[in-house]
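Reader: I'd like a close look at one part of this model: the place where two of the chains meet. Could you walk me through it?

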Amino acid sequence: MSHQRHASSLAWWALPPLLLQCIALNWSAPLTWPTWALVLCALFKLLECRRPFDRRLVALLQLLSTGLLAAQLQGLLASVLQLVAVLLALAGLLGHELAGALTFRGFLQRSLQLLAAALPLALVLFLFVPRLPPLWTTELGAARGAVSGLSPDLDPLSIAELTLVEGSAARVLLAEGQTLPMDAYWRVLVHEQFDGRRWQHRDPPVSRGGSGPPRVGEGTSQWWVVEPSATRAVPWDGSALTTSPDQWITPEGELLVGVASRQRRSFRLQSTQRVADWQQRPPVSSERQSPPDSLPRLKALARQFRPLPTGRERLEAVESWFRGQPFRYSLQPGAVADLDAFLFDQQEGFCGHYASALAALMRAADVPARVVSGYQGGHVVQPLSGNPYLELRQRDAHAWVELWLEGEGWQRVDPTLWATTTGLPAAAVVAESGQRQEENVPWWRWLQWQWWGLDLAWTSWWLSFDQASQQAWQQMLFGAQLRWLGVTAVVSGFVAVAGGWLVLHMGIRPRSSLVQSLRLLTRLGVVPLQGESFPRLCRRAARMHPDRATLLEAMADQQQLLAHAPLTPTQRRHHLRQWRKIRSRLGRRR
Amino acid sequence: MLHRTAKPFFKPSRPCAELKLGHRSLYIIPSRFGVLWIAAAGLLLLVAIQTGSNSTLLLAFVMLGLMVLAMFLTHDTLQGLTLRCAQPSPTFAGEPADYPVQLESSSARPRCSLRVQGHVVVECDRIAAGTTTLSLPWIAENRGWQLPPPVLIETIAPLGLFICWGRWQPQQPQLIWPRRRPGPVGETHPPRSRDGLEEWQDLRPVREGERPALVDWASVARGRPLQAKVFNDPEEPEVILAPASGVALEAAREHLADRIWRLHHSGACYGLQIRTITLAPSKGVRHRDACLEALATV
Amino acid sequence: MAAKELLPLLDAVSRVLLGKEHQVRLAFSCLLAGGHLLIEDRPGMGKSTLAEALARVFALAFKRVSFTSDLLPADITGLNVFNPAEASFRFQPGPLFTQVLLADEINRASPRTQSALLEAMAAGRVSVDGTSHALPKPFFVIATQNSLDQVGTSPLPEAQLDRFLMRLSLGFPDRASERALLQVGFDPSSDSFPRLGPEALQQLQHRCSSQHCSELLIDYILDLVEVSRQRQPGLSPRASQGLLAAARAWSLLDGRDHVVVDDVQAVVPAVVEHRLDAGCPARHASPHSEALLQAVPALR
């Protein structure tokens, strides 16, 4: 019965990796429910399995749920867990038929071998079968949640004290040869609705195609890994192009990837130098809406700037007004009653205060304006595993203003730069000077950086092969002779199957000394008779090959000692050594 | 023409002493699980296309690759296996008979199942390298030397994705005794008597030099003179069986078979007379088998 | 090493029974395993010689009873004889009270006498008129049986055969051995035998029962028993115990401290055959034990 136990324990072991990944799934994603259902189905089927067919079904369910998980979680850790789950599910499947023939380890080895044998054909298909765009698109609902970080509501006035959170927000790896920008602005959310106090982010209507179909073969790649956040929008540089159908850019200039999720998202973008569409989109009415009358002093100030003819001149006038006032940057501004109080009385605050104040002021001065929140700067990490990457942390969160200037489109203005930054910890300064050399990095932080480095490397490697790169690759290989593609694919398919078959037949190294000895004897032309014991077989072999008689008899002795004698571990090792020596000598004399 | 293509599946196989399974004698099709497997791979393919996920796509292709490999692996499980008849032992008609089959293989093979067509399946967990003997149960309806229906060997190992099977008509007939059915048989008792030692029946005066074991010491203790015991063997009944008169010969055979079996188990001494054959009274397994064989074949 | 003490003894007995090394070895294993031996052969093949030689090398008390058709159970077990002088019964032990008993031509005796012997063999004690008398130790019975085609015999019942650990057939010696026999002759009563005392024998028997048995080997024996049970009559649990005990003794004779498959295979014909053929040795067809050995894969 022990083999049955092996087989079912293998199937049980495949469940923890699956459940672990399921927990990381986001409930709002449409695939989450079927995935959970499949994993639970496998669990209950395993509890209740009576016939061999049920056990095989469990393995199939496990493979299926791994496939669904793989569609949603693509990080390094998830991929490793998926591989483990596939291996264990296969081992479980093998276990039912090879009952009793192998140990736990043997099953794992055998399933690894099976996987290795199936891989060549799978890779040929993977490389040659043309990628299809999605057959239909689904309406993906937005999710709401409250994970620390950027919030859809920008309400700096209620925050008496801002704590800097060390948590990582996102990591980006650029294609080789690209230098990492140290002080770039990574936009995430656009807040265009102002109620006199808060700047609110409006969820974009679920209109796909803001960016159109992915464009092919332009620019270099950026690989992003974004930590779970409350928003669908992810950081980007404002000019890159999307590469997959589940990424799109809203008219306001937000990049949405998949669904807003509590799971880590990995994706690829393409850098470009072109001016993005959103920058040229004329302001809509909500972006022109004047602040409410509850801010009399602000409105009065704005009225002074209105006579100026262009938006650019009004901006310069406002800047010089700001610089003329004793504004100070502070993370502990205390409670502020309203923007009037901030602008004219308190004059102390952080980026949120400055951005909302400037945007309100510009709107009151009849210049379309909105607040953008995102990240600024970042920290370059040089992992042992290779390319450096830029890490954006929650403390790098920042807010700035975008103004519509005639003839220039939407332009970024960062009013926080206008304030004096005296008496502050260097780290808190908004315009962090890019790369900081941190002296005392805690060990866990260091390990985390290394892991993220690997994770990004995996992401950049594994995500980079999509429809576009497949076409590029085939173009490079076959050039104009694309009609040979089919022939090559078929031929390499056959080669792959033959290769897999060979892997299965050549690669098996039986572990038991008896099986190995029998294999050796078979090569000598000695096949066991019915009910023949091993020493007898060896004696018969010795009669057939008198020149090897002593070796054959010695092999029988050692094998019998190993199989039947009461041996201490040391003795066992000794006899195993002896036996291996004899086997190799016998093998050599063929 | 259609007849010709369908032939390998339907023609009655010619009996042969041994069959080495190979391309010409093995058939293979995907199993129910294999069809499910393909469907699952197709579903994953669809998910991969919808989500653009490389991992899912690769997994779907790995599953397809395994399906293709499984075809070869399942075929290899049986290919090269030699089926051979062993010496079958006789059984009664209408009762489970064991037909011994030897499997000869140069290497160890995973699980397969064998059955005599239309009878119980025998699972063979693992075929060791060398020769393995299996008994396949079947039930013969008629007496005499009978050939069992064709033997089917079938496997889904190692992955359960394909079913591979072969068919073999063995050549070695099995001796089937007549059905056992209680009924009247003709009996004659030959005269027989013998002195023995089994039971003491009488006492006689002790002679000179008598063994002490013969002396009845109990009566000596009661003060009687020394007396020796006289022993005699109990009469052991002997019977010669023959078909009862007025019963059809086939029915009589069945009654005789039942009677012989029961007499053998009670340890009785019996002989048989049927048609031209007469077997002298005796006992033991060999005698029983000889009688039953005569019943089955004469 | 046990074999070292036993080798000269084996040698000596083999010198008496020329050309029968294998049978002598089996008889030794039977003795070491504490079982009883049934020798089946024609008269004059050296059965008594073997029994006597075995008794002599271990310096055991030896008695011989020729079983005849008029032999009573009391003739071998002994009986309570009335002594008129003391007016009481006194137990007079029979020839069973010895260490090695040669029961010659056991199939000539009546079934009642046979079963009296077999019960004493199994229990190691004799019960007469309600009083039980222990037999000496070690107690070893070598019963001989005429081949069955001889007239006037009653073969041992199938169930009783199980009480013998082994059945041997000595068979004719080969030409060279017979030539030596004719030229040299031998005298089993000569004093040139090496001796080992009964205590040494008991020590060896104890050692025998503690020979190491691997799980693989137990599995092999279980497989054998299982296969035999697919046919009627199968091997009893007593038979499987006996098989293991005999294999242990054989491994001890081979000078090993553990049992291997070969040991089991060597003793299977002697231990198993008489339990499977129901007392009717197949003269022409292949023996049951051979089929059994072939049916069970032995590569382990």
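Author: Here is a walk through the contact between chain C and chain A, followed by short stops at a loop residue and at another chain.

Keep in mind that this is a predicted model. Let's start with who touches whom: on the chain C side 17 residues take part, and they are in contact with 19 residues of chain A. As for area, the size of an interface is often given as the accessible area lost when the parts come together. Between chain C and chain A that comes to about 1400 Å², and carbon and sulfur atoms give 57% of it. On the chain C side, the biggest losers of area to chain A are C:D262, C:Q294 and C:L299, which together account for 40% of what that side buries.

C:D262 turns up again once you look at charges. Its side chain meets that of A:R539 in a salt bridge, at 3.4 Å from N to O. The count of salt bridges between chain C and chain A is 2. Polar contacts are there as well: the rule finds 7 residue pairs across this interface, with both partners at pLDDT 80 or more.

Which helices of chain C bring residues to the side that touches chain A? α9 (215-228), α11 (261-276) and α12 (288-295) each supply at least two. Of the elements on that side, α11(C) gives the most, with 3 residues. By residue type, the side of chain C that touches chain A splits into 9 nonpolar, 5 polar and 3 charged residues.

Now over to chain A for a single residue, A:S464. You'll find A:S464 in the loop that links α12 (443-462) to α13 (467-478) of chain A. Is A:S464 buried, partly exposed or exposed? It counts as partly exposed, because its relative accessibility is 23%, and the cut-off for buried is under 20%. Leaving aside residues up to four places away in sequence, A:S464 touches A:W223, A:R268, A:T459 and A:S469. A:T243 sits 221 residues from A:S464 in sequence, yet their C-alpha atoms are 9.7 Å apart in space.

Last stop, chain B. Its secondary structure comes to 6 helices and 18 strands. Chain B has 298 residues, and 48% of them are buried. Take the contacts in chain B between residues at least 6 apart in sequence: 67% of those join residues at least 24 apart. The area chain B exposes is about 14300 Å², with 56% supplied by carbon and sulfur atoms.

Technical notes
Residues numbered from 1 in each chain as written. Chains lettered and ligands numbered in written order. Predicted model: local features only at pLDDT ≥ 70, side-chain atom pairs only at ≥ 80, totals over all residues. Heavy atoms only, no water. Helix = DSSP H or I, 4+ residues; strand = E, 2+ residues; numbered from the N terminus. Buried < 20%, exposed > 50% of the residue type's maximum accessible area, 1.4 Å probe, protein only. Contact = heavy atoms within 4.5 Å. Areas by Shrake-Rupley, 256 points an atom, 1.4 Å probe, with all protein chains shown as cover. Buried area = accessible area lost by both parts, 1.4 Å probe. Salt bridge = Lys/Arg side-chain N within 4 Å of Asp/Glu carboxyl O. Polar contact = N/O pair within 3.5 Å; in protein donor to acceptor, adjacent residues only side chain to side chain. Nonpolar A, V, L, I, M, F, W, Y, C, P; charged D, E, K, R; others polar.
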